[in-house]
Amino acid sequence: MSVSSALSMNKSFRDSAIVLRTQNLGETDRIIVMCTREHGIVHAVAKGVRRSSSKFGARLEPFMLVDFSASGGKKLATISQVVTRRAYAAPIAADYGVFTVAAVICELAEQLVQNDQEAGSGQFSLLAGALSALARRSHSPYRILDSYIARSFSLAGWGLATSACGICASVDDLNYFSAEVGVLCQNCGRGNLVQRVTPISGDTPAYLTALKAGDWETVGTLGTASSLSVKSSRLMMEYAQWHLERPLKTLAILEKES
Ligand SMILES: [Zn+2]
């Protein structure tokens, strides 16, 4: 090993992070996978965290927002200090429906940030906002998931079309949705130009636009009137899965909305 790489291995760094998932290591340690504000996805070892006397306590559970110090590289750092900023773990775990949505959001965040490290701090803020809304029960967990998908995928550069046709940019007769690009006009929707095309109701483009903007008033007004929100949820999940490299593991545990 060269002197410079030996130095960078021992370098310590601080950041804010959300714990996405954990994995046991050896008898008492755990690997903590985190979405950080400045360093993208970080994998770090928390030594002795499974001992009852651990100095880390319950601070490194999934969904916790923490400030931490660590040494080593992003691929496998060693955590030295942790301070809780927001304890989202307990309020999220208290409701199974909320918990499953939070698990899906964290898996989405891990894939999106891994693919696009530059969007890191924006993705961190969106993730923190979504978990905070889940912990506070600000909105239905499914609406929070739908809005998170619309916003995080747009930030990652996939540009979900919601207010104009994703192919020709027409704003008239937006009657179709494609998992590839978003809403489509009548002509493009029938033109076999993209895959996975489904017909949608007239309110859907405005509803998806509101989800993408985080306009909760419009989401509430349009979403309560019909089955629009449930159908749109399905569209958002199809859209997310189309663009991900790996299928979502947590999707199997997501409770189906009736
Ligand atoms: Zn079109």
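**Reasoning about a predicted structure**

Tutor: In this predicted model, Phe13 and Phe68 are both buried. A search of the whole structure finds five aromatic pairs.

Student: Why is the pair of Phe13 and Phe68 called edge-to-face?

Tutor: Two rings pair if their centres lie within 6.5 Å, and planes over 60 degrees apart count as edge-to-face. The ring centres of Phe13 and Phe68 are 5.9 Å apart and their planes stand at 85 degrees, so both conditions are met and the pair is edge-to-face.

Student: What makes this pair a tie between separate parts of the sequence?

Tutor: Phe13 belongs to strand E1 (residues 12-25) and Phe68 to strand E4 (residues 65-71), so the pair ties together parts that are 55 residues apart in sequence.

Student: How do you know that Phe63 and Phe99 form an edge-to-face pair?

Tutor: The two rings lie 5.8 Å centre to centre, with 80 degrees between the planes. The cut-offs are 6.5 Å for the centres and over 60 degrees for the planes, so the label follows. This pair also links distant parts of the chain: Phe63 is in the loop between E3 and E4, Phe99 is in helix H3 (residues 96-115), and they are 36 residues apart.

Student: Why is Phe63 called buried, and why is Phe99 called partly exposed?

Tutor: Buried means under 20% relative accessible area, exposed means over 50%, and partly exposed lies in between. Phe63 has 5% relative accessibility and therefore counts as buried. Phe99 has 30% and therefore counts as partly exposed. Ring pairs join Phe63 and Phe99 with Tyr96 in a cluster.

Student: Let us turn to the strands. Why is strand E2 said to be largely enclosed?

Tutor: Eight of the eight residues of E2 are buried, so the rest of the structure largely encloses this strand. Both faces are covered: Asp29, Ile31, Val33 and Cys35 are buried on one side, and Arg30, Ile32, Met34 and Thr36 on the other.

Student: What makes E2 a partner of E1 and of E3?

Tutor: Two strands pair if there are at least two bridges between them. E1 and E2 are joined by eight bridges and run antiparallel; Arg21 stands opposite Val33 in E2. Strand E2 (residues 29-36) and E3 are joined by six bridges, and they too run antiparallel. Here Ile31 stands opposite Val45 in E3, and Ile32 stands opposite Ala44 in E3.

Student: How do you know that E3 and E5 pair?

Tutor: Two bridges join E3 to strand E5 (residues 77-86), and these strands run parallel. The requirement is at least two bridges, so they count as a pair. In E5, Thr78 is the bridge partner of Val45. As for E3 (residues 41-46), five of its six residues are buried, so it is largely enclosed by the rest of the structure.

Student: Which residues have a positive phi in the hairpin of E1 and E2 and in the hairpin of E2 and E3?

Tutor: Gly26, near 60 degrees, does so in the hairpin of E1 and E2, which has three residues between the strands. Gly40, near 65 degrees, does so in the hairpin of E2 and E3, which has four residues between the strands.

Student: What makes the site of the zinc ion tetrahedral?

Tutor: The zinc ion is coordinated by the SG atoms of Cys165, Cys168, Cys185 and Cys188, at 2.3 to 2.4 Å. The angles among these four donor atoms are 102 to 116 degrees. Four donors count as tetrahedral if all angles lie between 85 and 135 degrees, so the site fits the term. Along the sequence the donor residues are spaced C-x2-C-x16-C-x2-C. Cys168, in the loop between helix H5 (141-155) and E6, and Cys188, in helix H6 (residues 186-189), link distant parts of the chain, 20 residues apart.

Student: How do you know whether Cys168 and Cys188 are buried or exposed?

Tutor: Cys168 has 42% relative accessibility and is therefore partly exposed. Cys188 has a relative accessible area of 8%, which is under the 20% limit, so it is buried.

Student: Why are E7 and E8 called edge strands?

Tutor: An open sheet of three strands has the order E7-E6-E8, with antiparallel pairing. Strand E7 (182-184) and strand E8 (197-199) each pair on one side only. Strand E6 (residues 176-178) pairs with E8 over three bridges, and Ser178 stands opposite Val197 in E8.

How values were computed:
Residues are numbered from 1 along each chain as its sequence is written. This is a predicted model: local features need pLDDT of at least 70, side-chain atom pairs count only at pLDDT 80 or more; totals for chains, interfaces and linings use all residues. Side-chain values use heavy atoms; hydrogens and water are left out. Donors are N, O and S atoms within 2.8 Å of the metal (3.2 Å for Na, K and Ca); water is not among the atoms, so sites may look incomplete. Four donors count as tetrahedral if all angles lie between 85 and 135 degrees; four count as square planar and six as octahedral if opposite donors are over 155 degrees apart and all others between 65 and 115; anything else is irregular. Buried means under 20% relative accessible area, exposed over 50%, partly exposed in between (1.4 Å probe, protein chains only). Rings of Phe, Tyr and Trp (its six-membered ring) pair if their centres lie within 6.5 Å; planes under 30 degrees apart count as stacked, over 60 as edge-to-face and the rest as tilted.
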